[in-house]
Structure formats: C-alpha cells, structure tokens
Amino acid sequence: MNLQGRTKGIILVLTAAFFWGISGTVSQYLFQELHISAEWLTTARLLSAGFLLTLIAYKQHGNRVFDVWRHKADILGIVIFGIIGMIGVQYTYLAAIKHGNAATATVLQYLGPAIVTGYFILKAKRRPTSKEMIAVFLALFGTFLLVTHGNIQNLSISKLGFLWGILAAFGLAFYTIQPIELLKRWGSTIVVGWGMIIGGVVFSFVTPPWSFEGEWYFSTSLAFLFVVVCGTVLAFYSYLESLKYLSASETSLLACAEPLSAAVTSVLFLNVAFGWIDWIGTVLILLTIVVLTKKQKASPEESL
C-alpha cells in the first residue's frame, strides 16, 4: 500500500470516528436543550439511516440487496441482528447519553471490545493470555475511575447513566459477534442497512416516528440531519472505505478518536464536567483497544 493510500485510509477512519463522537454530543444537545426523547430519536435514526444505507447498497450491488430474504437462515439472522443488535446498540447508547452525558456514554461503550474478547475466550475454552488479562484490568480500572472518581462510596454519574452505558457495551459486543457470518456472505452495507430498517420498524411499536415530543426549530433539523447523515451514514461508509487502505487493527486503533471527540466537544459546547480522573479512566479504557489489537496469532473469528 502506497503512502497516498494509507493517508486516505487514515483520513477516512478519523472522519468516521469524529462524526460518531460528535453525533453523541449533538444527541445530548437534542435531549437536554430541545427535550427530544431518546426513544423517538432511536426510531427516527434507525429508519432514516437504514433507508439511506440500503439505497447505497442497492447502488453498489443492485438486486442482490433483496436476495438476503430468499434464505431462511439469513432471514432469521438478520431479524435477530435488527431487533437485538441494532436496537441494543443504538437505544442503550442514546439512553446512556440522556441519563448521563455523551462523553461518559461513549467511553463506557468502548468496553465492548473487552467483552467480545472474553466471549471468544469462553467459547474456545482456553485460559486468557497475559495481554488479555492486562486488557481486562485496564478496562475495569478505567471504568472504576470514570464512574467513581476513585471513591467507591459515590458514583460520579447517575446510576441510570452507568447502567445504560454498560448495557451499551454489551449491545456493541452482540452487534459485533452475532452478524459475523451474515457479513461474510452479504457485506456490511446490506446487512447494516436492513438491520437498521428492521430495528426501526420494531422500535416503532415502542415509539412511532410520528409520535414526536420536544421542540422543533431550524436547529433541531440541523442537529437531527447531522446525527442521521454524518453521525450514521457517512461515518459508517467512511469507516468501511478505510478498510480498503488499512488493516482492521489499524482502523480499530484510530477509531479510538470517537470517545475523545465526544469528550472534547461535550466539554467545549455543552459544559460537561470532565476532570483529570475522567481523562485517566478514558485513556485506560482506550488502552484496552491498543492491547487487544496488538494480540498475536488471533483466530479468524477473534480478528473480526
């Protein structure tokens, strides 16, 4: 890979990470300043982004987009992915932002890779390596500092914010593990596009897209469009494009800019309190990604 290609890949993955992170801050703005419900935003975001991604997939693959519905096993898999994976990762994250803040929610969600590693260790029925144990320790200690500031008797964030953040990490883990075979057969754009549509349709029974609560101004329109277009569609597409130029481990490391961008923008624009202990906790959790991506001789499943 030439230098120009690597540079393009780095720019693409950083663009994705920054869009993801900033969309968390924008979501917090929608919740706190405009009183939009996390439930409505989940439904509207999944349906809108899913439709756009499926259009992109149709442009890339033509009628193959619909072939996924001709195989019973794939139908079941993509329905499970849409209901549990998509709703699980999207709603829990937005709920964590609503009950806490974008910075903490995004960092807690990044415990997901450690959960994925633990799953594959249990599945393989083997003992964890020294690097894996170090990664788990970093993740747990970083979380401890982030949510307690070193004082075990007090939480620095609300209990609901912490609970939803941990659930978001498990949601991310399921989102990563469950569709592995689907992604191999159909590709990311098709699977994620349909998954979002299914998740959005199902979550409409909780909060339909026409059941809007909050304040809708021009700024609301801009914020919503940013979350859907930049924070979901363009971020996802940029991340996928970066994989053409960089390895999966490199993109995982560079994607760590997401919680950093969420933290910085939350502090700058929403006056979120994020002290030096929070930054230490954040760095420790992100070091988990560094340790895990440097693991040698990973199995094909674990490297996905």
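In which helix is the place of L55? In this predicted model, L55 sits in helix α2. Its relative accessibility comes to 45%, so L55 counts as partly exposed. L55 also belongs to a nonpolar patch on the surface, together with F51, L52, L225, V229 and L234. Taken together, these side chains offer about 500 Å² of accessible area. Two helices, α2 (38–61) and α11 (218–242), each supply at least two residues of that patch.

Helix α4 is worth a look of its own. It covers residues 72–99, 28 residues in total, and spans 39 Å from its first C-alpha to its last, close to the 40 Å expected at 1.5 Å a residue. There is a bend in α4, though: about 35 degrees, located at I87.

Two contacts link α4 to other helices. One is aromatic: Y91 pairs with W164 edge-to-face, with 5.3 Å centre to centre and 80 degrees between the planes. Since Y91 lies in α4 and W164 in α8 (residues 159–177), the pair ties together parts that are 73 residues apart in sequence. Y91 and W164 are both buried.

The other contact is a salt bridge between R185 and D74, whose closest N and O atoms are 2.6 Å apart. Here R185 comes from helix α9 (residues 180–186) and D74 from α4, so this pair ties together parts that are 111 residues apart in sequence. As for cover, R185 has 42% relative accessibility and so counts as partly exposed, while D74, at 4%, counts as buried.

Over the whole structure, the search turns up 17 aromatic pairs. Beyond pairs, W40, F212, W216 and F224 come together as one aromatic cluster.

The same kind of search for charged contacts gives five salt bridges in the whole structure. Among them is the one between R126 and E132, with the closest N and O atoms 2.8 Å apart. R126 shows 28% relative accessibility and is therefore partly exposed, whereas E132 has just 2% and is therefore buried. Another of the salt bridges joins R70 to D67, and there the closest N and O atoms lie 3.4 Å apart. At 68% relative accessibility R70 counts as exposed, because the cut-off for that class is over 50%. Its partner D67, at 21%, counts as partly exposed, because buried would mean under 20%.

Key. Residues are numbered from 1 along each chain as its sequence is written. This is a predicted model: local features need pLDDT of at least 70, side-chain atom pairs count only at pLDDT 80 or more; totals for chains, interfaces and linings use all residues. Side-chain values use heavy atoms; hydrogens and water are left out. Helices (H or I, at least four residues) and strands (E, at least two) are DSSP runs, numbered from the N terminus. The expected span of a helix is 1.5 Å times one less than its number of residues. The bend at a residue is the angle between axes fitted to the seven residues ending there and the seven starting there. Patches are made of residues with over 30% relative accessible area and no salt bridge: like charges are joined within 9 Å, nonpolar side chains (Val, Leu, Ile, Met, Phe, Trp, Tyr) within 5 Å. Accessible areas come from the Shrake-Rupley method with a 1.4 Å probe; for residues, only the protein chains shown count as cover. A salt bridge is a side-chain nitrogen of Lys or Arg within 4 Å of a carboxyl oxygen of Asp or Glu. Buried means under 20% relative accessible area, exposed over 50%, partly exposed in between (1.4 Å probe, protein chains only). Rings of Phe, Tyr and Trp (its six-membered ring) pair if their centres lie within 6.5 Å; planes under 30 degrees apart count as stacked, over 60 as edge-to-face and the rest as tilted.
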